[in-house]
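Good morning, and thank you for coming. Please take a moment to look at the sequence and the model before I describe them.

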Amino acid sequence: MPSTTSLHPDCERLLVSEDEIRATVDRLARAIEDTYPDPDRRLVLVVILKGSMPFAADLMRQIRRPLELEFMKVSSYGAGTKSSGEIKVSLDLSRDDLDDIDLLVVEDIIDSGYTLSRLSQLLRHRNAHSVRTCTLLDKPARREVDFTPDFCGLCIPDEFVVGYGLDYNEQYRNLPYIGILAPRIYTN
Ligand code: PRP
């Protein structure tokens, strides 16, 4: 974190600095370029709202090849509910014909794994040429379903993280770094 940016008072610790985010995004962009070397194939980034917006905005500008954008909003019911593992799609792709398209789903974080696991399945049933997933952060300690993303920025410990798109009660998404939220903010 540059000296001009101070840690938000509701954060107890910095987890990923702006510099580290930049380096991670750059590394992911290079790996993505290597995986999709043919510029004539249509690559569509599927940005999962809301949390992945800042990440996707930075990532797309580091990928040096043609690409298109789509947005989805999905929520996972997760484990422990009657509809365990189901996802609800509240905003869907704006196109049906995916035959010639390589889809790359862009997420900010994988936690239980339900969202990306079920979303990948759903998209594969739509007959895209390929479906891959990219996450900035992964919390493997929280995994409830077996799922491994194709591209992963950083594995992080099981802490309550906010910033760079990640929220608590819709706040903190605009922090330019990722911090650990102080427990006093979300307890009692
Ligand atoms: C977060 C994140 C993923 C999902 C990961 O979204 O952006 O979509 O949770 O969790 P999972 O691996 O346990 O399924 P959230 O539902 O908080 O929505 P938001 O992006 O709008 O904040």
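I shall begin with a sheet. In this predicted model, three strands make up an open sheet, ordered 1-9-8, with antiparallel pairing. Its edges are strand 1, residues 11-16, and strand 8, residues 161-162, each of which pairs on one side only. As a reminder, the strands of a sheet pair through backbone hydrogen bonds, either parallel or antiparallel. Strand 8 is joined by two bridges to strand 9, residues 178-181, and the two run antiparallel. Which residue in strand 9 is the bridge partner of V162? The partner is G179.

Let us turn to the helices. Helix 2 covers residues 53-62, and its buried residues are P54, F55, A56 and L59. Against which elements do the buried residues of helix 2 pack? They pack against helix 1, strand 2, strand 5 and strand 6, the last of these being residues 130-138.

Helix 3 also has buried residues, namely Y114, L116, S117, L119, S120 and L123. The buried residues of helix 3 pack against strand 2, strand 3, strand 4 (87-91), strand 5 and strand 6.

My next topic is charge. Side chains of opposite charge can pair when their charged atoms come close. How many salt bridges does the structure hold? There are 17 salt bridges in the structure, and I shall discuss three of them.

Consider E33 and R30, whose side chains meet in a salt bridge with an N to O distance of 2.9 Å. Where do these two residues sit with respect to one another? Both belong to helix 1, residues 18-35, and because E33 and R30 are three residues apart there, about one helical turn separates them. In general, an α-helix has 3.6 residues a turn, so residues three or four places apart point the same way. Is E33 buried or exposed? E33 is buried, its relative accessible area being 14%, whereas R30, at 21%, is partly exposed. This pair also belongs to a network of salt bridges that links D26, R30, E33 and R64.

The second example is D102 with R41, a salt bridge of 3.1 Å from N to O. Here D102 lies in strand 5, while R41 lies in the loop between helix 1 and strand 2, so the pair ties together parts that are 61 residues apart in sequence. D102 is buried, with a relative accessibility of 6%, and R41 is partly exposed, with a relative accessible area of 26%.

The third example joins R143 and D138, whose closest N and O atoms are 2.9 Å apart. Of this pair, R143 is partly exposed at 22% relative accessible area, and D138 is buried at 6%.

Finally, I come to the largest pocket, which contains about 870 Å³ of space. Which residues lie nearest its centre? The lining consists of 30 residues, and D108, I109, D111, T115 and D167 are the ones nearest the centre. Several elements contribute to this lining: strand 2 (42-49), strand 3 (68-76), strand 5 (101-110) and helix 3 (114-124) each supply at least two residues. By type, the lining residues of the largest pocket comprise 11 nonpolar, eight polar and 11 charged.

To close, I would ask you to find two places in the model again: the network of D26, R30, E33 and R64, and the largest pocket with its 30 lining residues. Thank you for your attention.

Note on methods. Residues numbered from 1 in each chain as written. Predicted model: local features only at pLDDT ≥ 70, side-chain atom pairs only at ≥ 80, totals over all residues. Heavy atoms only, no water. 1 Å grid on protein atoms, 1.4 Å probe; cavity = no way out; pocket = protein on both sides within 12 Å on 5 of 7 lines; lining within 4 Å. Points joined across faces, edges and corners; volume = space filled by probe spheres on them. Helix = DSSP H or I, 4+ residues; strand = E, 2+ residues; numbered from the N terminus. Nonpolar A, V, L, I, M, F, W, Y, C, P; charged D, E, K, R; others polar. Pairing = 2+ DSSP bridges. Salt bridge = Lys/Arg side-chain N within 4 Å of Asp/Glu carboxyl O. Buried < 20%, exposed > 50% of the residue type's maximum accessible area, 1.4 Å probe, protein only. Contact = heavy atoms within 4.5 Å.
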